[in-house]
Amino acid sequence: IFAAVNTDAGAVTIESADNLTINAAGLTAKGAIVIEAGNDITLGAGDGIAINTNTSTALVKLQADNDGAGDGAIVDGGSLIAMTGGDLVLRAKTGIGTNGAKIETTGLVDFAAISTTGGIFLDNGTSGAINITTLDGVTGISTATSGNIGIINSAAANIKVSSAIDANRVGGTVTLNAGAALDIDAAITAAGAIDLDAATNFDIDATITGGGNVELDTTGGTVDVAAASRVIGGGDGTTLAINASGAITFNAGGDATETVTNTGSGAITVISSGAGITLKNDAVSIADGVLTLTADGAIAVDSNATQQIDSDGNVIISANGITGTGGLDINSDAPGADRALTITSTGSTGMAVNVVADLYSSITIVQQDASTSINVELVGDDTIDIDGTADTVTLKSVVTSAADIGFDYDLTEALKNRIVESVNTDAGAGRVEYANSMN
């Protein structure tokens with residue numbers, strides 16, 4: 001245990017063959033700080049600053065179990081590490097902080113950490129945009145055999161992932177929570193769930209792969225997944241969810257390398273609560289799970305060289321229009337039985353959908369604004385063509401007889417005229433409903 005070491009411009013190296021505790025106000029230095037222990041390193045025995053870099057931007061390095069002979073953790077005892085822009089590297093054998101007692105820092109910028117087991121947990125406050133990078137031979141943040149990873153930037157500042165985050169061991173999870181933007185330029189991999197939260201924007205230029213649920217949330221910004229970058233869910237029984245108050249953009253993927261993917265019975269849910277969703281070629285791939293796309297604005301198709309959605313399961317779309325050249329293309333590699341397509345038009349912008357494969361046994365259309373025009377092109381001669389004006393909806397041509405597709409239509413805007421010119425479902429069921437229509 002040591003309580004007061006203060007250097008002006010010099011570096012500090014402290015070594016212990018056993019446990020080492022740094023009390024509050026225990027260490028202040030303007031040069032590099034290296035602390036090594038044969039077992040645990042504990043930061044403080046109460047509130048305060050255990051390690052203070054003062055105005056230095058030099059390296060701070062802590063290594064527990066430095067001899068490799070036994071256990072060694074870096075433990076939060078209540079005191080923090082005050083950084084001023086230098087590099088922080090943490091190494092341990094049996095954990096760096098815990099979920100309930102994270103290692104606390106202020107002013108953190110460049111950061112790397114590795115632990116064999118026990119997980120890695122850190123909370124940066126007050127100031128500092130965290131850059132997870134490669135330092136002193138440690139690449140990003142990783143657990144070697146087991147453990148979860150949780151990094152919080154409580155400051156109103158970014159987290160940037162410049163080097164990989166790897167918890168792909170024994171159900172390991174990854175949680176990132178940024179006080180501003182999340183900028184992901186290197187892979188994030190977990191055997192279990194991935195939970196990413198940003199106060200503002202997501203900028204994803206790498207691949208995120210989870211073995212469980214994968215969730216991206218921003219209450220104050222946008223989500224952009226770059227071309228050749230991916231977000232991959234955990235498959236059977238999992239949900240890949242992307243929620244944003246702003247616009248969501250999935251740039252172009254490739255055949256079998258679609259931008260947003262879940263497999264097996266895994267679901268995908270995408271919600272833009274205050275804007276729209278842009279889908280480029282090969283943007284979404286899902287097997288038998290349910291795909292739900294919900295936009296306050298329109299779903300925009302930016303290119304039409306190939307399909308935007310590859311789905312073998314049910315698809316639910318709700319938006320104020322589907323815009324772009326050629327409409328939204330939905331294809332399937334292995335159509336399942338009794339699949340359903342549900343389209344809800346929430347505003348006056350037209351909707352155009354092309355179902356490229358013989359996929360659905362039922363199609364439901366809910367129209368909330370009579371002025372909308374909706375067109376669904378199906379395989380062969382089957383088609384759904386609905387024209388809308390301010391006062392009248394016309395079902396000009398509803399033909400689902402070739403594939404015996406059931407058709408269900410509901411106009412929810414009250415006191416509007418409707419005209420049915422042609423509806424032919426053959427063996428498929430048909431239902432047309434209006435809310436207090438005028439005729």
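Tutor: Let's start with a term: a residue is buried under 20% relative accessible area, exposed over 50%, and partly exposed in between. Keep in mind that this is a predicted model.

Student: Thanks! Is Lys-396 buried, exposed or partly exposed?

Tutor: Lys-396 has a relative accessible area of 32%. Buried needs under 20% and exposed needs over 50%, so Lys-396 is partly exposed.

Student: Which residue does the side chain of Lys-396 meet in a salt bridge?

Tutor: Side chains of opposite charge can pair when their charged atoms come close. Here the N to O distance is 3.6 Å, and a salt bridge calls for a nitrogen within 4 Å of a carboxyl oxygen. The partner of Lys-396 is Glu-421.

Student: How many residues apart in sequence are the parts that this pair, Lys-396 and Glu-421, ties together?

Tutor: Lys-396 sits in strand β48 (residues 392–399). Glu-421 belongs to the loop between β50 (417–420) and β51. The parts tied together are therefore 25 residues apart.

Student: Turning to Asp-65 and Lys-93, which of them is buried and which is partly exposed?

Tutor: These two form a salt bridge, with the closest N and O atoms 3.8 Å apart. Lys-93 has a relative accessible area of 28%, so Lys-93 is partly exposed. At 6%, the buried residue is Asp-65.

Student: And how many salt bridges does a search of the whole structure find?

Tutor: Lys-160 and Asp-185 form one of them, at 2.6 Å from N to O. Lys-61, Arg-91 and Asp-136 are linked in a network of salt bridges. For the whole structure, the search gives 11.

Key. Residues numbered from 1 in each chain as written. Predicted model: local features only at pLDDT ≥ 70, side-chain atom pairs only at ≥ 80, totals over all residues. Heavy atoms only, no water. Buried < 20%, exposed > 50% of the residue type's maximum accessible area, 1.4 Å probe, protein only. Helix = DSSP H or I, 4+ residues; strand = E, 2+ residues; numbered from the N terminus.
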